[in-house]
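User: I have a structure on screen and want to learn how to read it. Can we go through it feature by feature?

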Amino acid sequence: MDHADIVIVGTGHGGAQAAIALRQHGFTGSIAMIGRESEPPYERPPLSKEYLAGEKPFERIYLRPPQFWADKDIALRLRTSVVAVDPQMHEIVLSDESRMGYGKLIWAAGGDPRRLSCPGADLAGVHSVRNKADVDRMIAELEAGAKRAVVVGGGYIGLEAAAVLRKLGCEVTVVEALPRVLARVAGEELSRFYEDEHRQQGVEVLLDATVDRIEGDGRKVTGVGLEGGAVVPADLVVVGIGIVPSVGPLIGAGAAGANGVDVDEFCRTSIDDIYAIGDCAAHANAWAGGAVIRLESVQNANDMANTAAKSICGDPQPYKAVPWFWSNQYDLRLQTVGLSLDHDETVLRGDPGERKFSIVYLKEGRVIALDCVNATKDYAQGRRVVEAGIKPDREALADTEISLKALL
Ligand code: FAD
């Protein structure tokens, strides 16, 4: 039976960074990474951006050159799923039914795209955007002439896909069940700005619109039926309605968790010698007032990977990194820092009409987050403002002549 001192499940952002960080921190034992995708670790964000747009070939989105893993003596086992965990024996069961022993296990399995549960959801032409294979299927259909696209879900991934599809010349409709796009992640002003932007770019944005069924011709999708009876014609449907954390085998082994798997400040699960990181790890987040949340971002995956690696290497440091995220749509580069959901006030810096502004989110007078659109300086300085948790004068905060740094 194979054995590795550290077995990492998942070859995405978190898994790859965990392996890199272990070696950086001087770990000399054996490391194996197991992942069900076919490719060595690659960046996921370009999938809904430059890769879908055909602006970046796949070779340019590897997290490290493919040879890197062997050079660092990190065994990479691809096209293999972990289907069960046996904590007593310190073993995992793989999809080929073989077993593998571990000293410590790092679970970095991310999430599976949430699927529509309505009739027609499995028709050809209905796509998720989670991995290279998903996007390659979309690209093939676009190349075969798909022109009418419906994007279900107005979150970041859906809106990014909508922007690219529009740029590629498709007719695009975004169908969002809530009264505004980005409702889960941003304040109303930002939502309205992005709705307007997409409309100006020629995208039809339908709000408060719920998908009732996907219609097909027996072979592939022909339209999206909405509650109320309307049908939006479609050759291609992109579903971006969130993920379901991939934690089945861990929960099956007895790990605590509900929405994801619970971890402590060192990314340890409730099972000895098993860590969990990234999209699937539910943790008490200092920037959310200690609420238990999952974050779906490259920052969180990387920083949790570093936390787990340090803990394993005998230098435990609690996880408290400031959340940050970015999204590219058209010529708009959004950068966010902090978590805005709990805010009770916003201050606008700059002019949305000029496509360069920031929305500053406050709670009880304290800055807790910023959404910066084409405002990289605000983003860089805003991070320090969020970290410091200052209570600035509102007028000064709104004045773009005054740098955020000066408010510290
Ligand atoms: P992943 O990177 O998803 O890696 C998990 C891996 O585990 C996958 O390869 C999966 O196949 C594998 N796996 C799952 N179950 C098993 C199993 N049982 N056995 C073996 N392998 C398994 N974040 C940003 O910060 N900015 C962005 O602009 C941004 N854009 C994004 C665009 C897209 C299209 C997507 C999908 C995500 C985007 N994200 C972005 C989010 C970011 O990519 C994720 O938060 C990040 O990849 C999470 O890393 P992870 O390691 O937790 O999971």
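User: In the hairpin of S5 and S6, which residue takes a positive phi?

Analyst: Keep in mind that this is a predicted model. Look at the link between the two strands. The hairpin has four residues between S5 and S6, and glutamate 97 takes a positive phi near 75°.

User: How do S5 and S6 pair, parallel or antiparallel?

Analyst: Two strands pair if there are at least two bridges between them. Strand S5, residues 91-94, pairs with S6 in the antiparallel sense, over three bridges. Pick one bridge to see it: glutamate 91 has glycine 101 in S6 as its partner.

User: Which residues make up S6, and how does S6 pair with S1?

Analyst: S6 covers residues 99-107, and S1 covers residues 2-9. Their pairing is parallel, with seven bridges. Find isoleucine 8 and look across: isoleucine 106 in S6 stands opposite. S6 also pairs with strand S18, residues 274-276, in the parallel sense over three bridges. There, leucine 105 faces isoleucine 274 in S18.

User: Next, whole sheets. What is the order of strands in the open sheet with parallel pairing?

Analyst: Read a sheet from one edge across to the other. This one has five strands, in the order S8-S15-S9-S10-S11. The edges are S8 (126-127) and S11 (204-206), and each pairs on one side only. Inside the sheet, S9 (residues 148-152) and S15 (residues 236-239) are joined by four bridges in the parallel sense. One of the bridges links valine 150 to valine 237 in S15.

User: What is the order in the open sheet with antiparallel pairing?

Analyst: That sheet also reads from edge to edge. Its five strands follow the order S21-S22-S25-S24-S23. S21 and S23 (345-351) are the edge strands; each has a single partner strand, so one side of each lacks a neighbour in the sheet. Ignoring direction, neighbouring strands are turned by 15° against each other on average.

User: How many bridges join S24 to S25?

Analyst: Seven bridges join them, and the two strands run antiparallel. S24 spans residues 356-363 and S25 spans residues 366-373. Serine 358 is a good place to look: cysteine 372 in S25 stands opposite.

User: Which helix lies across S21 and S22?

Analyst: Compare the axis of a helix with that of a strand. Helix H5, residues 156-167, lies across S21 and S22 (332-338). H5 runs at about 25° to S21.

User: Now the ligand. How many residues surround the ligand, and which are the closest?

Analyst: Start with the shell. It holds 33 residues, and the closest are Gly14, Glu37, Lys49, Arg130 and Asp279. By type, the shell has twelve nonpolar, 14 polar and seven charged residues.

User: Which elements each supply at least two residues of the shell?

Analyst: Helix H1 (13-24), helix H8 (298-312) and strand S21 (324-329) each do. H1 gives the largest share, three residues.

User: Which residues have N or O atoms close to an oxygen atom of the ligand, within the 3.5 Å of a polar contact?

Analyst: Check backbone and side chain separately. A side-chain N or O atom of lysine 49 is 2.6 Å from a ligand oxygen atom. The other two cases use the backbone. Serine 297 has a backbone N or O atom 2.9 Å from a ligand oxygen atom. For histidine 13, a polar backbone atom is 3.3 Å from one.

User: How much of the ligand does the protein bury?

Analyst: Take the ligand alone, then add the protein. Alone, the ligand exposes 1000 Å², and the protein buries 97% of that.

Notes:
Residues are numbered from 1 along each chain as its sequence is written. This is a predicted model: local features need pLDDT of at least 70, side-chain atom pairs count only at pLDDT 80 or more; totals for chains, interfaces and linings use all residues. Side-chain values use heavy atoms; hydrogens and water are left out. A residue is near a molecule or strand if one of its heavy atoms lies within 4 Å of it. A polar contact is a pair of N or O atoms within 3.5 Å; within protein, one must be able to donate a hydrogen and the other to accept it, and residues adjacent in sequence count only if both atoms are side-chain atoms. Accessible areas come from the Shrake-Rupley method with a 1.4 Å probe; for residues, only the protein chains shown count as cover. Ala, Val, Leu, Ile, Met, Phe, Trp, Tyr, Cys and Pro count as nonpolar, Asp, Glu, Lys and Arg as charged, and the others, Gly among them, as polar. Axes are lines fitted to C-alpha atoms, for helices over the stretch in contact, and angles run from 0 to 180 degrees between N-to-C directions. Contact means heavy atoms within 4.5 Å.
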